[in-house]
Amino acid sequence: MLSSVGSGGAASAAAILAIGNDAEVILLEKSATYGGTTVKSGGVYYVPNNAAMKAEGIEYPEDDAMRFLARGAY
C-alpha cells in the first residue's frame with residue numbers, strides 16, 4: 001500500500017503510477033479541496049502572499065510562508 005500525505009501534483013503522479021503497477025493507494029489531504037498547493041500555483045512554484053492572493057484578500061501567515069519556502073529551498 002502506498003500512502004501519500006497531500007494531493008498535489010507530485011503525490012497525484014506517484015499515485016497514478018502506483019495504481020498502474022497494481023498498488024493500493026491512499027491520498028490524504030488536509031485542505032478542503034484536492035490538489036494541495038498545486039491548485040494555487042497552477043503547477044509552478046508557489047509564492048505565498050503573491051499579488052493575486054492579496055487581490056483576493058487571502059493572506060498566508062509570514063511564519064508559515066517562511067517555513068514553506070525554507071522546505072522548498074532545501
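**A first look at the chain, Ser-7 and helix H1**

This is a predicted model; the mean pLDDT of the chain is 81, with 84% of its residues at 70 or more.

Q: Where in the chain is confidence lowest, and where is it highest?
A: Let's go by the means for each element. Strand S1 sits at the bottom, with a mean of 64. At the top, with a mean of 89, is helix H3, residues 51-55.

Q: In what order do the elements of the chain run from the N terminus on?
A: The chain has four helices and two strands to place. Reading from the N terminus, the order is β-α-β-α-α-α.

Q: Is Ser-7 buried or exposed?
A: Ser-7 belongs to the loop between strand S1 (2-5) and helix H1 (9-20). The cut-off for buried is under 20% relative accessible area. Ser-7 has a relative accessibility of 2%, so it counts as buried.

Q: With which side chain does the side chain of Ser-7 make a polar contact?
A: Leaving out residues up to four places away in sequence, Ser-7 touches Ser-12, Leu-28, Glu-29, Tyr-34, Gly-35 and Gly-36. One of these gives a polar contact between side chains, at 2.8 Å. The partner is Glu-29.

Q: How far does H1 reach from its first C-alpha to its last?
A: H1 has twelve residues, and at 1.5 Å a residue the expected span is 16 Å. The model comes close to that, with a reach of 17 Å.

Q: Within what arc do the buried residues of H1 fall?
A: The buried residues of H1 are Ala-11, Ser-12, Ala-15 and Ala-18. Seen down the axis of H1, they line one face of the helix, because they all fall within an arc of 125°.

Q: Which residues are exposed on the other side of H1?
A: An α-helix has 3.6 residues a turn, so residues three or four places apart point the same way. Away from the buried residues, the other side of H1 has its own set. The exposed ones there are Ala-10, Ile-16, Leu-17 and Gly-20.

Q: Which residue with a positive phi follows H1?
A: Move on past the end of the helix and look at the backbone. There, a phi near 65° belongs to Asp-22.

Q: What share of the area the chain exposes do carbon and sulfur atoms supply?
A: Of the 74 residues in the chain, 20% are buried. The chain exposes about 5,600 Å². Carbon and sulfur atoms supply a share of 59%.

Terms used
Residues numbered from 1 in each chain as written. Predicted model: local features only at pLDDT ≥ 70, side-chain atom pairs only at ≥ 80, totals over all residues. Heavy atoms only, no water. Buried < 20%, exposed > 50% of the residue type's maximum accessible area, 1.4 Å probe, protein only. Polar contact = N/O pair within 3.5 Å; in protein donor to acceptor, adjacent residues only side chain to side chain. Contact = heavy atoms within 4.5 Å. pLDDT = per-residue confidence, 0-100. Expected span 1.5 Å × (residues − 1). Arc of directions from axis to C-beta. Areas by Shrake-Rupley, 256 points an atom, 1.4 Å probe, with all protein chains shown as cover.
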